[in-house]
Every structure is written in C-alpha cells, then in structure tokens.
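Me: I am new to this structure and would like to go through it slowly, one question at a time. Could you take me through the reasoning behind each reply?

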Amino acid sequence: MKRVLVWGLGVSGRSAVELLKAKNYEVYAGDDKDGTDFRQYLDLVDTVVLSPGIPPHHPLWLSAQKRNIEVIGELELAYRFFKGKAIAITGTDGKSTTTRMTYLILKEHLGNVCEGGNIGTPFSQIVLKNPSCLAVLEVSSFQGKTLKTFRPHGGAFLNFSRDHLDWHKDLEDYLQSKYNIFRNQQKEDFIALYSEQKQVLSTPTRAKKYLFGSEDAHGFIKDGKAYFMDEELFEVSKLKVFGYHNYMNALASAIMCRLMGVPTDTIRKVLYEFSGLPFRLEFLGEWKGVKVFNDSKATTVNALRSALRNMPDKRVILIAGGKDKGGDFESLYHLVAQKVKIAVLIGEAKDKIFQAWKGAVKIEKADSLETAVKMAKAYSQSGDVILFSPACASFDMFRDYVERGERFKELVHSLFSV
C-alpha cells in the first residue's frame, strides 16, 4: 500500500484521506457525486479505499479487482495504523445501542476508551487522535466485507436476519461479510454469540465463544434478572430502555464488559442510567391516553418485528415504509394481524408492503410522513399506541434515519400538542 485512491467523500472517506496524508501516503480522492472519472487513477494506485455505501457491483470495485488492485474500506485502513485493542459489535439490529452501552461501561472503568466505526466517529479519526486506546466499534456488513487484517480482541454477534439485499448479492454474502469481522481472532480473544440462531452460532473464529439468549447458554434472562456464568448481572425492571430486544442488547454488553474485567457494580450503575439512543423505540410521550414511539432507526423487517412484540394486541397504529432493502414483509403477516389496529404505509415500498399484509389488517397509504401522522392521530383512541417503525431505509424521502426521526418528532409535537 503506497499510493491510495479514496472513493466516496462522506465522513469516513474524508477521515481516510486525513489519516493517509498524516502518514505521508500519496493520496487521490473522488466521489461519484462530483463527476470525477475514477478510471484516471487506476494506473496510479495500488490500493482503493471505498466508502461503505459503495456496493460490490460498482464499476470502480469491479475494475480494481480486474487489475488486481487491493480493495479495502476505511475501517480496515484505520486498523493498519492502530496500536490499541478493538471490541467489534455487529448484528442485523441492536448494534448502535449495544455499542453505546459497552462504550459507556468500559469508559467508566478503564478511562482510555473510544467509540466509533459505523456509529459516530470514523475509526480513522480515532486512530489519528488516540491510536493506543481501547476502541469499541460498531461494524456493519459493508465494512466487514472488505476487512483483511482486522482482529478484534472481543466482540459480539447479536442477531442475524434478512437485510441489505440491495447491496449484497445474496443472503449468504451478507452473512459471510458478518463472519469476516471475526475471522482473524485468536484463542486469547473472545466473542459473545446469540444462542438462538444457527447462523450466529456458526461464526468462524478461534476466539473463546460465550453464548447468550437461551437458559442453557452462558448468559440469559430469567424471572426478570440477567445472569452470566451463574452471576447475577442486573435486574431488567431497573433498565430505562424498553423491550426484550434491548434487554438482550444489555446482556450482550454486560457479558463483554465482564470479560474485560469490569466489576458487576459498575456494569449495573451504567446500564441503569442509560436511557437509550434517539430513534430506537424512543418514547415521545402520551397524549389523551395515546402513547407515541419513534423507531425511525428500524430500517429492517426484524427491527419492526422486535418493536411489535413489545406492543399490546390490536392497539397499534403503525406507520411503516420507505426504501425497500429486500425485506421479507410477508414474514410479519401474523404478527401484524395480532398487534396492529391499522397500518399507514409510506414511501417507495408501500405497495409491496400492502400486498404482503393484505387481509391481515386495515391498511391506508399516505403520500408523505406528515399525512401519515395526521391519519394516525385521527384513528387513535385512548389506550392505543402510535408506532413509527419503518422497516425500510429512509433514502427515498429523507437523507437518513436521523432526519426522518427528527421530522417525525416535530410532526408529533406540533400535531398532538394542539
């Protein structure tokens, strides 16, 4: 790696350029959006660093492979200059929440801890500012696919379900990209694995495996208490986060921190104070007996499934839809029939979702989020729950799930406070 082309100049791409320049590499950079022709650089470089959003079928990726030019991502690039230890957290859902919990607990105990990766700060920025820290990293499948030397000391694979088939060629490619995160682990490393899914349990790694989920696993929840290796970790009722999936996230986080030597008292203290991340089943308030939840981060079918399982039967007014990522909406048919009173669908996927749920529940379509919120309010009665859980990406209508979640929050407060 001597001359490098960085393609995709979002936050991670710009950070990669900054890191390479700081290390005195010859750097070229461009982006599809600025009209630059990548072909002018291919004879000049031996490595291409791609933005996570650039899929394997992109012409640059294909052209680089034909020329035997190394293709990596920003996370792999940063790791090559990293002197500390990494904790890697992946899964279809729950990555951000578990990463934040783990970071907060470890920081409370150890001090020199950084958080980043797919959440917040790019790994390159961490390496530039604090190359010897303990880095707690959320790692996506996009990042996982291009990893080569990355070796996390510890980590967790939280769950696996159908997702990102607009990027990966098939479900197996998606799974292998997750596996790739942990392939370089050694026997002195560790990994926490969700025991209820065969795909997760089969993660190829030399690390010591610790299972969580079922009662015969190393870690589990029983009678309102979380346990690991016969030790009580925390009481579910004292957590501020809502929903069984979040209890599993907390358990995975606690297990990793316990394996890093954090005392149980410290784990409890931090978990009991943690109120959750915005847009993850975030409770916005209650108006005239109607509770409203903002789950804009639910970009997958499985995330919507988790949200619905925590809701009362036949009382949910669901707002869903957006840009489809290849989700299996039909798999939610019976759960939707059980939980949802009316579904209001938005975005590019609304017709696909309509066909998947037709006959299960009363369905309305809306041409905007504002219209959907107005309809939800009109249908709501005391005891109902309005749940905004799209099960889709946001890019057809919004810049990202954050902008989408902020817009929903604004609409709720303006329309319900009248």
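Reply: A word on terms before we begin: UniProt positions are given in the numbering used here, feature names are shortened, and annotations may be inferred rather than shown by experiment. Please also keep in mind that this is a predicted model.

Me: Which residues does the UniProt annotation "domain: Mur ligase C-terminal" cover?
Reply: The annotation comes from an unreviewed UniProt entry. Over its stretch the chain is 31% helix and 28% strand, with the end C-alpha atoms 14 Å apart. The residues covered by the annotation are 280-392.

Me: How many Å separate the centres of domain 1 and domain 3?
Reply: The domain assignment places domain 1 at 3-76, domain 2 at 82-273 and domain 3 at 282-415. Taken over C-alpha atoms, the separation between the centres of domain 1 and domain 3 is 38 Å.

Me: Within what arc do the buried residues of α13 fall?
Reply: Helix α13 spans residues 350-357, and its buried residues are I353, A356 and W357. Seen down the axis of α13, these residues line one face of the helix, because they fall within an arc of 85°.

Me: Is E76, which meets R80 in a salt bridge, buried or exposed?
Reply: The side chains of E76 and R80 come to 2.8 Å, N to O, and both residues belong to a network of salt bridges that also links E70 and K148. R80 is partly exposed, at 28% relative accessibility. Buried means under 20% relative accessible area, and since the value for E76 is 0%, E76 counts as buried.

Notes
Residues numbered from 1 in each chain as written. Predicted model: local features only at pLDDT ≥ 70, side-chain atom pairs only at ≥ 80, totals over all residues. Heavy atoms only, no water. Helix = DSSP H or I, 4+ residues; strand = E, 2+ residues; numbered from the N terminus. Domains from an automatic or database assignment. Buried < 20%, exposed > 50% of the residue type's maximum accessible area, 1.4 Å probe, protein only. Arc of directions from axis to C-beta. Salt bridge = Lys/Arg side-chain N within 4 Å of Asp/Glu carboxyl O.
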